[in-house]
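Open the model in your viewer and keep the selection panel at hand. This tour goes from one selection to the next and says what is found at each stop.

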Protein chains: 2
Amino acid sequence: MNSNSKSGPATSYDIARRAGVSQATVSRVLTGNPKVRQELRNKVMEVIQELNYRPNGMARAMRTSRTGNIGVAVSRLANPLYPELLQVLGRMLIHAGFRMVVWNADELNEDAAVDAVSESRVDGIIMTTATAASTRLYETLQTNAPVVLINRTVEGWPCDQVASDNRGGGQAVADYLVRSGRLRIGLIAGSALASTIRDRQSGFREQLAILGRPLDEALCLEVDHFSYKTGFEAAGRLLELAEAPDALFCVNDVIALGARDAARHRGVDVPGKLWMIGYDDIEMASWQAFDLTTVRQPLPQMVEKAIELLLERIDGGTGEYRNICLPNKLVIRGSTGWRTQGQ
Amino acid sequence: MNSNSKSGPATSYDIARRAGVSQATVSRVLTGNPKVRQELRNKVMEVIQELNYRPNGMARAMRTSRTGNIGVAVSRLANPLYPELLQVLGRMLIHAGFRMVVWNADELNEDAAVDAVSESRVDGIIMTTATAASTRLYETLQTNAPVVLINRTVEGWPCDQVASDNRGGGQAVADYLVRSGRLRIGLIAGSALASTIRDRQSGFREQLAILGRPLDEALCLEVDHFSYKTGFEAAGRLLELAEAPDALFCVNDVIALGARDAARHRGVDVPGKLWMIGYDDIEMASWQAFDLTTVRQPLPQMVEKAIELLLERIDGGTGEYRNICLPNKLVIRGSTGWRTQGQ
DNA sequence: CTGAAAGCGCTAACAG
DNA sequence: CTGTTAGCGCTTTCAG
């Protein structure tokens with residue numbers, strides 16, 4: 001019925017011709033420029049509807065040098081913390097008028113994300129996964145690319161960073177355990193490369209020391225990556241000890257869930273014989289099967305702040321780099337406390 | 001040291017000038033055009049390195065009308081099936097030279113994804129989440145947009161579709177339960193809008209009927225959405241029945257995990273008193289705490305096929321729409337069987 | 001093999 | 001208020 005001259009989807013020229021205006025006017029109504037007579041605007045809109053026209057995003061992106069894409073690099077989607085983070089990020093980014101491009105560290109190191117900014121395929125990136133070892137990223141930062149680090153941070157790097165008080169979280173756990181009279185406190189630790197993990201551990205250790213109960217290294221195990229399986233195995237080994245721990249802090253929830261199941265597997269009563277604490281408060285921590293005491297990070301606030309900072313940079317903001325640290329909260333559940341102690 | 005004339009990142013012209021060649025030649029080496037003398041190629045590469053040049057992705061996308069982005073619409077990242085799917089998708093897309101743009105159905109209906117194709121912001125989309133109610137999507141399909149449906153499909157729609165044999169999975173569960181002599185078989189069902197759920201349920205019901213043991217509707221509950229919580233509650237109600245079920249099929253794993261915890265909460269022995277079966281085989285199904293019998297979908301194969309089909313369409317393929325149905329597999333674990341029956 | 005030249009579809013001055 | 005005119009940075013004929 002309305003097949004245009006050429007093939008392919010309609011362009012703003014097609015609209016212009018059919019509406020009897022200049023292409024510039026079409027562009028004006030597209031971008032919401034107010035100085036277009038209502039009459040013309042209506043006419044143009046009509047034709048747009050009629051031809052079911054959609055402006056070509058690539059052309060627009062090229063002109064404006066804005067893609068509307070924000071890249072997000074996450075570390076292992078297998079850790080439920082990251083889907084939770086993505087969910088919040090996706091919601092807030094869409095709300096801010098952006099799309100979310102996702103890279104999973106499993107598939108490719110963060111270089112892919114970094115490439116995307118350098119090639120202007122995304123307007124900025126949010127890294128959840130940065131460590132001091134991210135050299136490509138570091139180089140890119142020198143070019144003032146809009147990058148914000150969330151969750152994991154790297155001290156001294158020239159970019160905005162948002163984290164929660166992991167050190168304080170670790171301290172709170174130590175406080176709680178000692179105050180509750182736990183005697184053989186264990187730790188399942190991880191690589192100190194990730195700032196989150198490092199800070200939790202050191203906060204925990206330091207506070208134990210301050211309280212006069214320094215960590216017994218025999219009760220401390222380090223896993224090489226974070227998964228249910230590694231947690232399960234590490235806890236298994238700890239529970240085999242002659243002098244097994246009566247409390248176990250795991251540097252994140254995934255580890256803790258594995259550890260909790262190791263206890264279940266061996267018939268170790270939690271919290272009767274063993275208290276367990278995780279970190280992150282992923283959804284499953286609250287499930288009946290685990291009922292895990294943990295430290296909750298303020299994900300929504302972190303994400304909100306991160307996006308705010310990123311958008312400022314994208315809009316050309318050039319002030320000092322900010323380092324945001326948000327408070328978090330010890331959430332006490334059934335894996336600690338005396339509820340079933342009678343067992 | 002090497003600050004160019006203008007501001008902003010270097011362009012292919014900057015490279016050309018500095019290398020003493022034409023801009024076209026730079027473009028040729030960028031696109032790997034073989035007919036460039038080795039000597040010139042080297043010189044150009046050198047300058048590219050030196051200026052740390054990266055071709056502008058937007059400009060390239062506009063010229064080639066290829067963005068290198070594939071959109072993926074998922075339904076609720078809160079269901080671990082989707083992160084698992086994303087992980088596979090991300091890996092395989094990157095391997096195929098694409099980036100993955102993610103939309104979560106929570107944040108915005110799939111219209112956003114559909115918009116992105118119409119605006120050529122992505123080269124194609126993979127929908128995991130389509131239902132017959134997706135009208136915008138349906139309209140877009142008429143324009144031959146490269147779209148493939150994975151997981152959830154919609155019969156008769158003009159696009160490629162990839163699913164696993166959900167009906168067969170439901171039948172297998174029914175078979176297994178009846179063959180094992182379960183007497184009061186229950187079902188936690190969901191909305192029939194999603195093809196996956198619909199097929200599992202109908203396969204299950206039909207097979208029960210065929211075996212002469214039609215489903216007792218008193219033991220069937222439908223949840224309005226899929227979450228741990230709804231599963232927990234639904235199972236709770238079923239377990240309160242005077243004649244409670246001795247086997248419970250849940251149409252997906254998340255529901256089943258909630259149901260399993262409801263049993264735990266009430267002290268109902270699984271599998272001693274109650275057998276439980278889920279669907280999807282998400283990672284947690286295999287965890288000690290759940291040890292859930294379930295049906296495993298062949299995610300990697302599904303994704304591989306979906307990407308293959310999508311790329312064909314993107315490359316202009318115009319053959320008949322294909323409807324792929326892959327086999328899946330009943331995975332038997334501790335939530336069924338007689339291992340602990342003595343209890 | 002290499003350079004010159006023509007746009008991709010859009011936005012944004014700049015005139016009128 | 002509206003039309004004309006330039007490009008954004010790249011790929012790709014088309015000559016040479």
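Domain bounds here come from an automatic or database domain assignment. The model is a predicted one, and the tour begins with the domains of chain A.

**Stop 1: the domains of chain A**

Colour residues 57–164 together with 298–327 of chain A as domain 1, and residues 166–296 together with 330–341 as domain 2, which is how the domain assignment divides this chain. The C-alpha centres of domain 1 of chain A and domain 2 of chain A lie 30 Å apart. Where the two meet, 14 residues of domain 1 of chain A are in contact with twelve residues of domain 2 of chain A. On the domain 1 side of this meeting place, helix H5 (81–95) and strand S5 (160–164) of chain A each supply at least two residues. The residues of that side divide into seven nonpolar, five polar and two charged.

**Stop 2: chain A as a whole**

Now show the whole of chain A as a cartoon, in which twelve helices and twelve strands can be traced. The radius of gyration of chain A is 26 Å, well over the 20 Å that the globule rule gives for 343 residues, so chain A is more spread out than a compact globule. Turn the C-alpha trace of chain A along its principal axes, and the spans are about 85 × 40 × 30 Å. Of the 343 residues of chain A, 50% count as buried. Among the contacts in chain A between residues at least 6 apart in sequence, 71% join residues at least 24 apart.

**Stop 3: the two chains together**

Add chain B to the view. How many degrees of turn lay chain B on chain A? A turn of 180 degrees, with a shift of 0.0 Å along the axis, lays chain B on chain A with an RMSD of 0.1 Å, and that is the relation of a two-fold axis. To find the axis from the side of chain B, select B:Val101, whose C-alpha is the nearest to it in that chain, at 2.2 Å. Of the interface residues of chain B, 100% are also interface residues in chain A, so the copies meet through the same surface.

**Stop 4: the DNA strands**

Select DNA strand C and the 25 residues around it, of which A:Ser12, A:Ser27, A:Ala59, B:Ala24 and B:Arg37 come nearest. The elements that give two or more residues to this surface are helix H2 (23–30) and helix H4 (57–64) of chain A, together with helix H2 (23–30) and helix H4 (57–64) of chain B. Which element gives the most to the surface near DNA strand C? It is H4(A), with five residues. By class, the surface near DNA strand C has ten nonpolar, ten polar and five charged residues.

Next select DNA strand D, which has 27 residues around it, the nearest being A:Ala24, A:Arg37, B:Ser12, B:Ala24 and B:Ser27. At least two residues of the surface near DNA strand D are supplied by each of H2 and H4 of chain A and H2 and H4 of chain B. This surface has ten nonpolar, eleven polar and six charged residues.

**Stop 5: helix H6 of chain B**

Select residues 111–118 of chain B, which form helix H6, and show the side chains of its buried residues, B:Ala113, B:Val114, B:Ala116, B:Val117 and B:Ser118. What covers them includes strand S2 (99–104) of chain A, together with strand S1 (69–74), strand S2 (99–104), strand S3 (124–127) and helix H7 (135–141) of chain B. Just after H6(B), stop at B:Ser120, where phi is positive at about 50 degrees. B:Ser120 lies in the loop between H6 and S3 of chain B, and with 23 C-beta neighbours inside 10 Å it counts as buried.

**Stop 6: unusual backbone geometry**

Most residues other than glycine have a negative phi, and most peptide bonds are trans. Select B:Asn52, in the loop between helix H3 (38–51) and H4 of chain B, where phi is near 55 degrees, a positive value in a residue other than glycine. Is B:Asn52 buried or partly exposed? With 13 C-beta neighbours inside 10 Å, B:Asn52 counts as partly exposed.

Last, select A:Val270 and A:Pro271, which are joined by a cis peptide bond with omega near 5 degrees. A:Pro271 is found in the loop between helix H11 (253–265) and strand S9 (275–277) of chain A. In chain B, a cis peptide bond joins B:Val270 and B:Pro271, with omega about 5 degrees.

How values were computed. Residues are numbered from 1 along each chain as its sequence is written. Chains are lettered from A and ligands numbered from 1 in the order in which they are written. This is a predicted model: local features need pLDDT of at least 70, side-chain atom pairs count only at pLDDT 80 or more; totals for chains, interfaces and linings use all residues. A residue is near a molecule or strand if its C-beta atom, placed from the backbone, lies within 6 Å of it. Helices (H or I, at least four residues) and strands (E, at least two) are DSSP runs, numbered from the N terminus. Ala, Val, Leu, Ile, Met, Phe, Trp, Tyr, Cys and Pro count as nonpolar, Asp, Glu, Lys and Arg as charged, and the others, Gly among them, as polar. Copies are superposed by least squares on the C-alpha atoms of residues with pLDDT of at least 70 in both. Two residues are in contact if their C-beta atoms, placed from the backbone, lie within 7 Å. A residue is buried if 20 or more other C-beta atoms lie within 10 Å of its own, exposed if 12 or fewer, and partly exposed in between; C-beta atoms are placed from the backbone. The radius of gyration is taken over C-alpha atoms; the globule rule is 2.2 Å times the number of residues to the power 0.38.
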